Amino acid sequence: MSTDIAQPPLQVAKRLEKFKTTIFTQMSQLAIKHGAINLGQGFPNFDGPEFVKAAAIQAINDGKNQYARGYGVPDLNFAVAERFKKDSGLAVDPEKEVTVTSGCTEAIAATMLGLINPGDEVILFAPFYDSYEATLSMAGAKVKGITLRPPEFALPLDELKSAISKNTQAILLNTPHNPTGKMFTREELDVIASLCIENDVLVFSDEVYDKLSFEMDHISIASLPGMYERTVTMNSLGKTFSLTGWKIGWAIAPPHLTWGVRQAHSYLTFATSTPMQYAAATALRAPESYFEELKKDYKVKKGILVEGLQEAGFKVFPSSGTYFVIVDHTPFGQKDDVAFCEYLIKEVGVVAIPTSVFYLNPEEGKNLVRFTFCKDEDTLRAAVQRMKEKLKRLLKG
């Protein structure tokens with residue numbers, strides 16, 4: 001039987017036509033093929049804490065295995081509210097203002113789909129986490145981008161003031177910021193807040209890296225005067241507790257915004273893993289020493305990677321938060337970020353992520369690549385050694 005039968009074309013709705021297989025999937029597949037060390041995708045190669053895993057096992061053994069209440073098991077809603085009060089000073093109603101989701105990515109989707117109408121304008125700060133644009137496309141939003149540029153990735157305040165208008169429905173904020181590691185300063189947040197209040201604009205704030213802030217204290221924009229009533233704050237368990245596969249997230253918002261988030265959530269996933277929610281409640285009540293130790297460990301990892309990248313010949317840009325570092329790859333002579341990352345995997349044996357996928361205009365990211373340091377120290381040292389040995393030869397060549 002002939003195998004030359006024409007395959008039907010791949011089908012996808014127009015709103016998703018421009019979005020290909022995610023760059024994370026592509027790079028991870030190449031990494032496996034070439035036996036490369038994966039410093040691309042942001043998931044730890046070490047496990048989460050034993051006390052949290054034990055709580056999940058206990059919940060399973062206690063029979064907490066059926067559908068949870070749609071917006072979260074009460075214990076987790078209360079734990080989220082308690083944690084948010086400690087971190088931001090804001091007291092929120094766990095029953096009316098906290099919605100548990102299947103990871104922060106679903107919190108983002110539920111927020112967009114529940115609060116944005118087709119044709120609404122939403123401002124994004126590029127580079128941005130790739131699900132933002134795709135989800136906004138699903139919602140039918142008109143996306144307007146403002147680019148944060150190296151070396152500091154500072155917010156261009158005049159551009160923002162020009163971009164925001166009475167047509168703007170929302171600003172999507174991410175601090176600490178993936179992929180740059182930037183943390184928005186109090187001054188920048190104050191400007192965003194005043195513009196939002198003046199123009200009646202909402203803020204959707206992704207704060208999944210709030211516990212990985214190294215150079216300054218994290219500030220939730222919802223805690224600024226006049227902002228709680230117009231902000232949806234989104235977070236998750238995965239980054240802080242190295243349990244990315246559990247997919248436990250949440251959205252915190254005043255009741256009039258929570259209504260839209262919950263309506264969308266009800267028809268996206270309806271409910272989130274029950275035993276993992278009970279374990280997440282245990283995690284969020286961890287002593288402050290856990291969070292201090294986490295930050296200390298990641299500072300060491302960051303130091304290993306940053307020093308190694310500099311020694312290998314990269315221009316390394318400052319990273320104040322997250323577990324990512326952005327570098328300029330141009331000293332090594334590849335035509336763009338994708339070509340460099342492919343070279344890095346095949347010839348050096350290390351994975352990075354090309355950043356052009358994080359921009360509305362890919363040209364703006366063609367000189368930059370992203371590395372992650374959420375790996376154990378031996379893995380980071382091995383990756384650094386490979387780059388120092390093989391890339392330095394390329395520089396000399």
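Colleague: How many residues does the largest nonpolar core have?

Modeller: The model is a predicted one. Phe125, Ile192, Phe204, Phe241, Phe314, Phe371 and Met387 are the residues with the most contacts inside the largest nonpolar core. At least three residues come from each of domain 1 (15-48 + 289-392) and domain 2 (50-285). The size of this core is 130 residues.

Colleague: Which helix gives the largest share of this core?

Modeller: In soluble globular proteins, nonpolar side chains tend to be buried together. Here the largest share amounts to nine residues, and its source is helix α11 (residues 288-312).

Colleague: Is leucine 268 buried, partly exposed or exposed?

Modeller: Leucine 268 belongs to helix α9 (residues 255-268). Together with Leu113 and Met138, Leu268 forms a nonpolar patch on the surface, with about 240 Å² of accessible area for the three together. Its relative accessibility is 40%, and the class in between runs from 20% to 50%, so leucine 268 counts as partly exposed.

Colleague: How many residues apart in sequence are the parts that the pair of tyrosine 209 and phenylalanine 324 ties together?

Modeller: The rings of tyrosine 209 and phenylalanine 324 lie 5.7 Å centre to centre with 75° between the planes, an edge-to-face pair. Tyrosine 209 counts as buried because its relative accessibility is 5%, and phenylalanine 324 is buried at 1%. Tyrosine 209 sits in the loop between β6 (202-206) and β7 (231-236) and phenylalanine 324 in strand β10 (residues 324-328), so the parts tied together are apart in sequence by 115 residues.

Colleague: Which residue meets glutamate 133 in a salt bridge?

Modeller: Glutamate 133 lies in helix α5 (residues 131-139), and its partner is in the segment before α1 (23-34), 115 residues away. Glutamate 133 is buried, with a relative accessible area of 12%. The N to O distance is 2.5 Å, and the partner is lysine 18.

Colleague: In the salt bridge of aspartate 200 and arginine 230, which residue is buried?

Modeller: The two side chains meet at 3.2 Å, N to O. Aspartate 200 is in the loop between α7 (186-199) and β6, and arginine 230 in the loop between β6 and β7. Aspartate 200 counts as exposed because its relative accessibility is 57%. A relative accessible area of 14% falls under the 20% limit, so the buried residue is arginine 230.

Colleague: What is the distance between the closest N and O atoms of aspartate 47 and lysine 53?

Modeller: Aspartate 47 counts as exposed because its relative accessibility is 53%. Aspartate 47 forms a salt bridge with lysine 53, and the closest N and O atoms are apart by 2.7 Å.

Methods. Residues numbered from 1 in each chain as written. Predicted model: local features only at pLDDT ≥ 70, side-chain atom pairs only at ≥ 80, totals over all residues. Heavy atoms only, no water. Core = buried A, V, L, I, M, F, W, Y, C linked by side-chain atoms within 4.5 Å. Buried < 20%, exposed > 50% of the residue type's maximum accessible area, 1.4 Å probe, protein only. Helix = DSSP H or I, 4+ residues; strand = E, 2+ residues; numbered from the N terminus. Domains from an automatic or database assignment. Patch = residues over 30% accessible without salt bridge, like charges linked within 9 Å, V, L, I, M, F, W, Y side chains within 5 Å. Areas by Shrake-Rupley, 256 points an atom, 1.4 Å probe, with all protein chains shown as cover. Salt bridge = Lys/Arg side-chain N within 4 Å of Asp/Glu carboxyl O. Phe/Tyr/Trp six-rings, centres within 6.5 Å; stacked < 30°, edge-to-face > 60°.
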